[in-house]
Amino acid sequence: MDFRIGLIHGDGIGPEIVDEAVKVLDAVAEKYGHHFQYSNLLLGGASIDATGLPLTDDTVREAKTCDAILMGSIGGDAKTSPWYKLEPSKRPEAGLLGIRHALGLFANLRPAHLYRELRDACPLRDDIIGEDGFDLIIVRELTGGLYFGKRETKEVDGVLTATDSLSYNENEIRRIAKRAFEIAMKRRKKVTEVDKANVLDSSRLWRKITAEVAAEYPEITYENMLVDNCAMQLVRDPKQFDVILTENMFGDILSDEASMTAGSIGMLPSASLNETSFGLYEPTHGSAPDIAGQNIANPIATVLSAAMMLRYSLNLDTEADDVEAAVQKVLTDGYRTPDIWSEGTKKVSESEMGDLLKANI
Ligand code: NAD
């Protein structure tokens, strides 16, 4: 099949890790007879250098012609980079917020997968991790709730008072819930909806609407959990989770907690999806300017982001499984980039890791 993939190389290690992921994607295309047509898009610091702006209309227009976008990472060293002498709306990060908004990306997917081979990087005890590690995904609503509600700070009866409002309508909840259930159908078929329904009206609406959506997916085990309990359960027994569905602020906090338990920053992919199958896929780490150009960055988070792209935007599940299996195989064979290297394993460079992953497709 033919697909058009936007590539945002970005800044720092971004161009290197995207190149390694493209090696793997090309191997997938060759093995399965697909044609991936790549379109290079400017964003962040690279876009500022070329055009003066972190995001241009050209990039948005071109992005909309793609089936999905794979991004490295954007941004520079805040202390030394000239990009940070610009006003905030002209800095690299403004480009990222801008493109997310322009593409209507409302569903944020953050997997936390602990590979057995990297259990030393996990702060949890061995008996909690178990034999096979854990593999969960947090589906976080990204465009509503507290971060986008009405806010004000004013004096009330002579006392300075700040107010932030948390609002969701049923349509916003239904569309993200459907996304979470569709994702669970491709996984172990369990959805845990996380809220604070013992206190918040918005959470009670989340429960009502997600229960309605759950009724359309009888194959899926559906449960509700209070967010404070979920925060505990993530470190007590992460294996119990498959898909965690939650609103914006709870998801923000829980996804960082979950990623910490999954070990190295160089291993964690993410995705942001819109109403269609379109999505922007990127590692959760930043552009790591401190190690750019040294061929030592870990490309696995970006390669796993590419696997998510194959699964969720291009609907190529077998191909996505193949990429994830290649990552598993390379780790089992003992190859490690410097960030995940430990005594007794084989240290490889970034490009060698890319070659190994490609060879295992
Ligand atoms: P960072 O994630 O770039 O780096 C933190 C530490 O992790 C560094 O020591 C770095 O060398 C290491 N690291 C990160 N990715 C790695 C990889 N793949 N392999 C090996 N080591 C890796 O975070 P930071 O230093 O706070 O931010 C650097 C820049 O990235 C900033 O400009 C920041 O704004 C930007 N940033 C961008 C995104 C994004 O594009 N979505 C996200 C976070 C940060």
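# Pockets, ligand and cavity in a predicted model

The largest pocket has a volume of about 550 Å³, and, like everything described below, this value belongs to a predicted model. Lining this pocket are 23 residues, of which L96, L97, R100, L142 and E282 are the closest to the pocket's centre. Two or more lining residues come from each of the strands β3 (68–73), β4 (107–113), β11 (269–273) and β12 (279–283), and likewise from the helix α4 (92–102). It is α4 that provides the largest share of this lining, with five residues. Sorted by class, the lining of the largest pocket is made up of 10 polar, eight nonpolar and five charged residues.

The second largest pocket holds about 370 Å³ of space. Its lining has 19 residues, and those closest to the centre are H113, D135, R187, R311 and E324. The elements that contribute two or more residues here are β4, β5 (135–141), α10 (300–312) and α11 (317–332), and among the contributors α10 gives the most, namely four residues. The classes in this second lining divide into 10 nonpolar and eight charged residues, with one polar residue besides. The strand β4 can thus be followed from one pocket to the next, since β4 is listed among the elements lining the largest pocket and is listed again for the second largest pocket.

The next place to look is the ligand. Around the ligand stand 22 residues, and those that come nearest are G76, E93, G286, A288 and N298. Some of the contacts can be followed atom by atom: an oxygen atom of the ligand lies 2.7 Å from a backbone N or O atom of G286, while a nitrogen atom of the ligand is 2.9 Å from a backbone N or O atom of N298. In the case of D290, an N or O atom in the side chain is found 2.9 Å from an oxygen atom of the ligand. Taken alone, the ligand would expose 810 Å², and the protein buries 68% of that area. The elements that give two or more residues to the shell around the ligand are β3 and α4, and both of these elements also appear in the list for the lining of the largest pocket. By class, the shell around the ligand contains 10 nonpolar, eight polar and four charged residues.

Besides these open spaces, the structure holds one cavity of 30 Å³ or more, and the volume of the largest cavity is about 40 Å³. The residues that line this cavity are L166, V194, D195, L200, S202, S203, W206, E247 and F250. Both β8 (190–195) and α7 (201–215) supply at least two residues of the lining, and the largest share, three residues, comes from α7. Five of the residues in the cavity lining are nonpolar, two are polar and two are charged.

Finally, charged side chains also pair with one another, and the structure holds 33 salt bridges. One of them joins the side chains of D132 and R116, with a distance of 3.0 Å from N to O. Because D132 lies in the loop between α5 (126–129) and β5, whereas R116 lies in the loop between β4 and α5, this pair ties together parts that are 16 residues apart in sequence.

Technical notes. Residues are numbered from 1 along each chain as its sequence is written. This is a predicted model: local features need pLDDT of at least 70, side-chain atom pairs count only at pLDDT 80 or more; totals for chains, interfaces and linings use all residues. Side-chain values use heavy atoms; hydrogens and water are left out. On a 1 Å grid over the protein atoms alone, a cavity is a set of points where a 1.4 Å probe fits but cannot get out, and a pocket is an open set with protein on both sides within 12 Å along at least five of seven lines; lining residues have an atom within 4 Å of a point. Grid points are joined across faces, edges and corners, and a volume is the space filled by probe spheres set on the points. Ala, Val, Leu, Ile, Met, Phe, Trp, Tyr, Cys and Pro count as nonpolar, Asp, Glu, Lys and Arg as charged, and the others, Gly among them, as polar. A residue is near a molecule or strand if one of its heavy atoms lies within 4 Å of it. A polar contact is a pair of N or O atoms within 3.5 Å; within protein, one must be able to donate a hydrogen and the other to accept it, and residues adjacent in sequence count only if both atoms are side-chain atoms. Accessible areas come from the Shrake-Rupley method with a 1.4 Å probe; for residues, only the protein chains shown count as cover. A salt bridge is a side-chain nitrogen of Lys or Arg within 4 Å of a carboxyl oxygen of Asp or Glu.
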